[in-house]
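Ready for some practice in reading a protein structure? Take a look at the sequence and the model, then work through the exercises step by step.

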Amino acid sequence: MVTQYLRSHVSYSRKRSFLTIMSGLIIGFCLGQIISYVTISESIKSISIPVDKNSQNDIKQLAPSINTFPEIIHDHPYDNSTVADQLKKEVRLLCWVMTNPTNHKEKARHVKRTWGKRCNILLFMSSAQDDELPTVKLDVGEGRENLWRKVKEAFKYVYKHHYNDADWFYKADDDTYAIIENLRLMLYPYNPMTPVHFGYKFKPFVKQGYMSGGSGYVLSKEALRRFVVEGIPNPKKCLPGTVVNEDIEIGRCMENLNVTAGDSRDWNGRGRMFPFIPEHHLITKVDMSWWYWQYQFYKTDEGLDCCSDNAIAFHYVSPKMMYVMDYLIYHLKPYGIVREPHRLPAKLKVGEFLPPPIQEIVNSNEDSMDDDDKLIKTTTIKSTPTEPDSREVDSKEVDSLTAKLHKPVNKKKESKSAKAIKAKTKKN
C-alpha cells in the first residue's frame with residue numbers, strides 16, 4: 001500500500017510540475033508579445049511625420065529639380081510594335097522644335113528625352129549652338145517679333161538639308177507634346193506629294209482656315225517645296241519680314257500656294273491636335289463669349305467626346321508633365337486589356353483626300369444634342385482678339401487660360417453672337 005501511494009504521489013507531482021512549467025511558458029510568451037507590441041508602437045510613433053500645412057512644401061523640396069532629372073530608359077522588349085515599326089519606315093517624319101537658348105535645358109532637352117526621340121529626324125531650331133540637343137543655329141534674333149522669320153529660316157534649312165530624308169515635316173514648340181505614332185497614322189493614307197498641311201484648324205483670318213502654332217503643324221513634301229521655292233521668295237505669296245503671329249501667316253501663305261488645309265479629325269469627328277493641355281479640353285465649360293470657342297473651324301464637344309482615342313498633340317505641356325504623359329501613354333497598361341490596332345486605311349493617290357468624318361451622337365452621358373458646343377458655327381469673326389498660340393507663355397498666363405476655360409458660363413453675359421446662334425437653332 002505504501003509503495004502504491006508513493007508511486008501515485010510521484011506521478012501526481014510530475015504532472016503538476018509539467019503543468020506549472022507549461023503555464024509559465026504560456027504566460028511568459030504572452031507577456032513578451034505585449035511588451036514587444038508596446039515597444040514597436042512607441043517606436044512607430046517616435047518616427048512618424050506630423051502632417052501640417054507645410055507638409056506639401058516639404059515634399060516639393062524633396063523632389064529633384066527637373067533640370068537634374070536623369071534620363072531613364074524604360075523599355076518593354078516583349079511588346080509587339082510591328083505596326084508602329086512599319087509606320088516609322090513608311091511615314092518618314094522630320095520633327096523640328098522651335099526653341100531658344102534660355103529653354104535649351106529648361107524645356108528642349110525634355111522634348112528630346114520623351115516624344116521627340118520617336119521622330120525619324122529630330123532638330124531644334126535656336127539662335128545658339130547646343131551639342132546636347134543638338135541645335136541648328138539660325139541667324140535670327142529671339143523674341144516674339146521674330147517668330148515668322150524664324151519659321152521661314154527653319155523650313156529653308158530643312159528643305160536644303162533634309163528634303164529627301166523625310167516625307168512629312170512637323171513644326172512644334174518646346175512646350176508641345178506629341179504622340180508620334182498617331183501622327184503617322186493620320187498621315188499614312190496621304191501621298192506626300194499632295195500639297196496639304198495639317199494641324200488644329202482655326203476659322204478667322206484665312207478663308208480655308210489656319211493651323212494653331214502651339215500644337216504644331218505638319219507639311220507634306222510638296223507643301224514644303226512650294227513654301228520654300230515658290231512662297232518665301234515671292235512677297236505676293238508669303239509675307240516678307242517678320243511678325244508675331246507666325247501660324248496665321250503660314251496659313252495665309254499655304255492658301256496662296258494652293259496647299260490644302262487638311263482635316264486632322266479622326267473618323268468619328270473627334271479632334272486629334274489641340275492648342276491646350278489635355279485637362280483644358282477634357283474638363284471644361286463652354287463660354288461662347290470667349291474667343292477660343294468662336295474660333296472653332298469644326299463643331300466640337302466638351303468632355304471625353306472632345307478628343308480622339310488617337311490624339312496627336314497638346315500644347316503648354318510642362319517638362320514634368322511630359323514625363324508623366326510618357327509614362328501614362330507608353331508604360332502604364334491595364335492588365336488583361338489588349339487593344340487590337342485598326343486596319344490601316346487604303347493609300348490615296350496624289351491630290352486625293354479622305355472624306356469628311358461622319359459625326360454621330362455617342363451613346364454616353366458625355367454628349368447630347370442640346371450641348372452649347374453643338375451651337376457653335378463656322379462664322380466669320382468680326383472682332384480679332386489676340387490669339388495666344390503663336391507665342392510662349394509663362395505659368396501665370398497658363399493659369400489664366402485655365403481659369404477662362406473652366407469659368408462657369410454666365411448666361412446673362414453671353415455674347416450677342418451666341419444668343420443669335422441659340423435663337424436660330426431653336427427656330428430650326
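The exercises below deal with a predicted model, and each one comes with a worked solution.

**Exercise 1. Getting an overview**

Task: Find how many helices and strands the protein has, and what share of its residues count as buried.

Solution:
- Step 1. Start with the elements: the protein has 13 helices and 11 strands.
- Step 2. Turn to burial: 45% of the 428 residues count as buried.
- Step 3. Now the surface: the protein exposes about 24600 Å², and 57% of this comes from carbon and sulfur atoms.
- Step 4. Last, see how the chain meets itself. Among contacts between residues at least 6 apart in sequence, 80% join residues at least 24 apart.

**Exercise 2. Salt bridges in helix 7**

Task: Work out how far apart R226 and E222 are along helix 7, and whether each is buried or exposed.

Solution:
- Step 1. Check the pair itself: R226 and E222 form a salt bridge, with the closest N and O atoms 2.8 Å apart.
- Step 2. Count along the helix. Helix 7 covers residues 221-231, and because R226 and E222 are 4 residues apart in it, about one helical turn separates them.
- Step 3. Use the cut-off for burial, which is under 20% relative accessible area. R226 has 19%, so R226 is buried. E222 has 9%, so E222 is buried too.
- Step 4. Try another pair: E230 and R225 meet in a salt bridge through their side chains, at 2.9 Å from N to O. E230, at 35% relative accessibility, counts as partly exposed. R225, at 24%, counts as partly exposed as well.

**Exercise 3. Salt bridges elsewhere**

Task: Which residue forms a salt bridge with K171, and which residues are linked with K105 in a network?

Solution:
- Step 1. The partner of K171 is D173, and their closest N and O atoms are 2.9 Å apart.
- Step 2. Check the surroundings of this pair: both K171 and D173 are buried.
- Step 3. For K105, the network of salt bridges also takes in R109, D130 and E132.
- Step 4. Place these in context: the structure holds 16 salt bridges.

**Exercise 4. Two pairs of packed helices**

Task: Describe how helix 5 packs with helix 7, and how helix 4 packs with helix 11.

Solution:
- Step 1. Choose the quantities. Two packed helices are described by the angle between their axes and the distance between the axes.
- Step 2. Helix 5 (residues 147-162) and helix 7 pack at about 110°, with axes 10 Å apart. Helix 5 is therefore roughly perpendicular to helix 7.
- Step 3. The crossing of helix 5 and helix 7 is left-handed. Residues in the contact include W148, F155 and Y159 of helix 5, and L224, F227 and V228 of helix 7.
- Step 4. Helix 4 (residues 103-113) and helix 11 (residues 319-330) pack at about 10°, and their axes are 9 Å apart. These two helices are therefore roughly parallel to each other.
- Step 5. Name the residues that meet: E106, K107, H110, V111 and R113 from helix 4, with P319, M322 and Y323 from helix 11.

**Exercise 5. Y177 and its surroundings**

Task: Where does Y177 lie, and is Y177 buried or exposed?

Solution:
- Step 1. Y177 lies in strand 5 (residues 177-178).
- Step 2. Its relative accessibility is 0%, so Y177 counts as buried.
- Step 3. Leave aside neighbours within four places in sequence: Y177 then has contacts that include T114, W115, F314, M322 and Y330.
- Step 4. Compare sequence with space: Y177 and S318 are 141 residues apart in sequence, and their C-alpha atoms are 9.0 Å apart.
- Step 5. Look at helix 6 (residues 180-187), where 7 of the 8 residues are buried. Among them are I180, N182 and L183.

**Exercise 6. Special backbone spots**

Task: Which residues are joined by a cis peptide bond, and what is the sign of phi at N258 and Y316?

Solution:
- Step 1. The cis peptide bond joins L133 and P134, with omega about -5°. P134 is in the loop between strand 2 and strand 3.
- Step 2. N258 is not a glycine, yet its phi is positive, at about 60°. N258 sits in the loop between helix 8 and strand 10, and is exposed at 60% relative accessible area.
- Step 3. Y316 also has a positive phi, near 65°. Y316 is in the loop between strand 11 and helix 11, and is buried at 6% relative accessible area.

Technical notes
Residues are numbered from 1 along each chain as its sequence is written. This is a predicted model: local features need pLDDT of at least 70, side-chain atom pairs count only at pLDDT 80 or more; totals for chains, interfaces and linings use all residues. Side-chain values use heavy atoms; hydrogens and water are left out. Buried means under 20% relative accessible area, exposed over 50%, partly exposed in between (1.4 Å probe, protein chains only). Contact means heavy atoms within 4.5 Å. Accessible areas come from the Shrake-Rupley method with a 1.4 Å probe; for residues, only the protein chains shown count as cover. A salt bridge is a side-chain nitrogen of Lys or Arg within 4 Å of a carboxyl oxygen of Asp or Glu. Axes are lines fitted to C-alpha atoms, for helices over the stretch in contact, and angles run from 0 to 180 degrees between N-to-C directions. Angles under 35 degrees count as roughly parallel, over 145 as roughly antiparallel, 65 to 115 as roughly perpendicular and the rest as oblique. A crossing is left-handed if the near helix is turned anticlockwise from the far one by less than a right angle, and right-handed if clockwise.
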